[in-house]
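Open the model in your viewer and keep the sequence panel beside it. Each stop below tells you what to select and what is there.

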Amino acid sequence: MPTCEFDAGKLLVRLNVTFSAEMSAIDGVTEGVMAVAREMECAKGKEFEVETALREALANAIVHGAGGDPAKQIQCCVACDEARGMLLVVRDPGEGFDPASIPSPVVGQNVYRSHGRGIYLINQLMDKVEFAANGTEIRMVKR
């Protein structure tokens, strides 16, 4: 997997974790990221939004990107930057997807579906969300 790249000159903290694609790993990864965020105060007052978006992104990477296969690896990179806030990147080994093809969970019959809200929720909670590498990478920013 590629390395995380941020503006090293303004970087306050950096965390780069690679883990097996197992749902049980989400708690540990999220707790580690949030401990760093609280210590560095890079998402002060925005911890709920960051944690929820991170959990959704990790779950999507595990379920959709890695197909729940614990032999596959997920990467999570985090940095705090004075100018841009908290930066989170989640990468998976999947084939990717087109984010524009995801139906809105707040329109029509989609409201009643039991899944399909993760990306919508991430977009609502974070200040900036981008997909790269054909949808196998999500980049999230919280200022």
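**Stop 1: a charged pair**

Select Glu41 and Lys44. Their side chains meet in a salt bridge, 3.7 Å from N to O. Lys44 is exposed, with a relative accessible area of 59%. This is a predicted model, so treat each distance on the tour as computed from it. How many salt bridges does the structure hold? There are seven. Side chains of opposite charge can pair when their charged atoms come close.

**Stop 2: Arg55 and its partners**

Now select Arg55 and Asp27. They form a salt bridge, with the closest N and O atoms 2.7 Å apart. Arg55 lies in helix 2 and Asp27 in helix 1 (residues 25-40), so the pair ties together parts that are 28 residues apart in sequence.

Add Glu51 to the selection. The side chains of Glu51 and Arg55 also meet in a salt bridge, here at 3.2 Å from N to O. Both residues lie in helix 2, four residues apart, about one turn of the helix. Salt bridges that share partners join Asp27, Glu51 and Arg55 into one network.

Are these side chains buried, exposed or in between? Check each one in turn:

- Arg55 is partly exposed, at 26% relative accessibility.
- Glu51 is partly exposed, at 26% relative accessibility.
- Asp27 is partly exposed, with a relative accessible area of 41%.

**Stop 3: along helix 2**

Select residues 47-65. This is helix 2, with 19 residues. From its first C-alpha to its last it reaches 25 Å, close to the 27 Å expected at 1.5 Å a residue.

Color the helix by burial. Among the buried residues of helix 2 are Val50, Leu54, Leu58 and Ile62. Smaller names on the buried list include Ala53, Ala57, Ala61 and Gly65. Move on just past the helix end and pick Gly67. Gly67 takes a positive phi of about 60°.

**Stop 4: the cysteines**

Select Cys42 and Cys80. A disulfide joins them, with 2.0 Å from S to S. The pair links distant parts of the chain, 38 residues apart. Cys42 sits in the loop between helix 1 and helix 2, and Cys80 sits in strand 2 (residues 73-81). Cys42 is buried, and so is Cys80. The disulfide count comes to one.

Next, pick Cys76. Why is Cys76 not bonded to the closest cysteine sulfur? That sulfur is in Cys77, 6.7 Å away, which is too far for a bond; the cut-off for a disulfide is 2.5 Å. Cys76 is buried, with a relative accessible area of 1%.

**Stop 5: around Ala37**

Go back to helix 1 and select Ala37, which has its place there. Ala37 counts as buried, at 1% relative accessibility. What does Ala37 touch, not counting residues up to four places away in sequence? Show Cys42, Ala43 and Met86: Ala37 touches these three. You have met Cys42 before, as a partner in the disulfide with Cys80.

Now draw a C-alpha to C-alpha distance from Ala37 to Glu47. It comes to 7.8 Å, for two residues 10 apart in sequence. Glu47 is where helix 2 (residues 47-65) begins.

**Stop 6: a buried lysine**

Jump to strand 5 (residues 137-142) and select Lys142, which is found there. Is Lys142 buried or exposed? Lys142 counts as buried, at 6% relative accessibility. Buried here means under 20% relative accessible area. Follow the side chain. It reaches the backbone oxygen of Leu125 at 2.6 Å. Compare Lys44 from the start of the tour, which is exposed at 59%.

**Stop 7: zoom out**

Clear the selection and switch to a cartoon view. The protein has three helices and five strands. Trace the chain along the sequence: the pattern is β-α-α-β-β-α-β-β.

Then look at the whole protein. Of its 143 residues, 40% count as buried. Turn on the contacts. Among those with a separation of 6 or more, 65% come from residues 24 or more positions apart.

Finish with the surface. The accessible surface of the protein comes to about 7,700 Å². Carbon and sulfur atoms account for 50% of that surface.

Note on methods
Residues numbered from 1 in each chain as written. Predicted model: local features only at pLDDT ≥ 70, side-chain atom pairs only at ≥ 80, totals over all residues. Heavy atoms only, no water. Helix = DSSP H or I, 4+ residues; strand = E, 2+ residues; numbered from the N terminus. Expected span 1.5 Å × (residues − 1). Buried < 20%, exposed > 50% of the residue type's maximum accessible area, 1.4 Å probe, protein only. Contact = heavy atoms within 4.5 Å. Areas by Shrake-Rupley, 256 points an atom, 1.4 Å probe, with all protein chains shown as cover. Polar contact = N/O pair within 3.5 Å; in protein donor to acceptor, adjacent residues only side chain to side chain. Salt bridge = Lys/Arg side-chain N within 4 Å of Asp/Glu carboxyl O.
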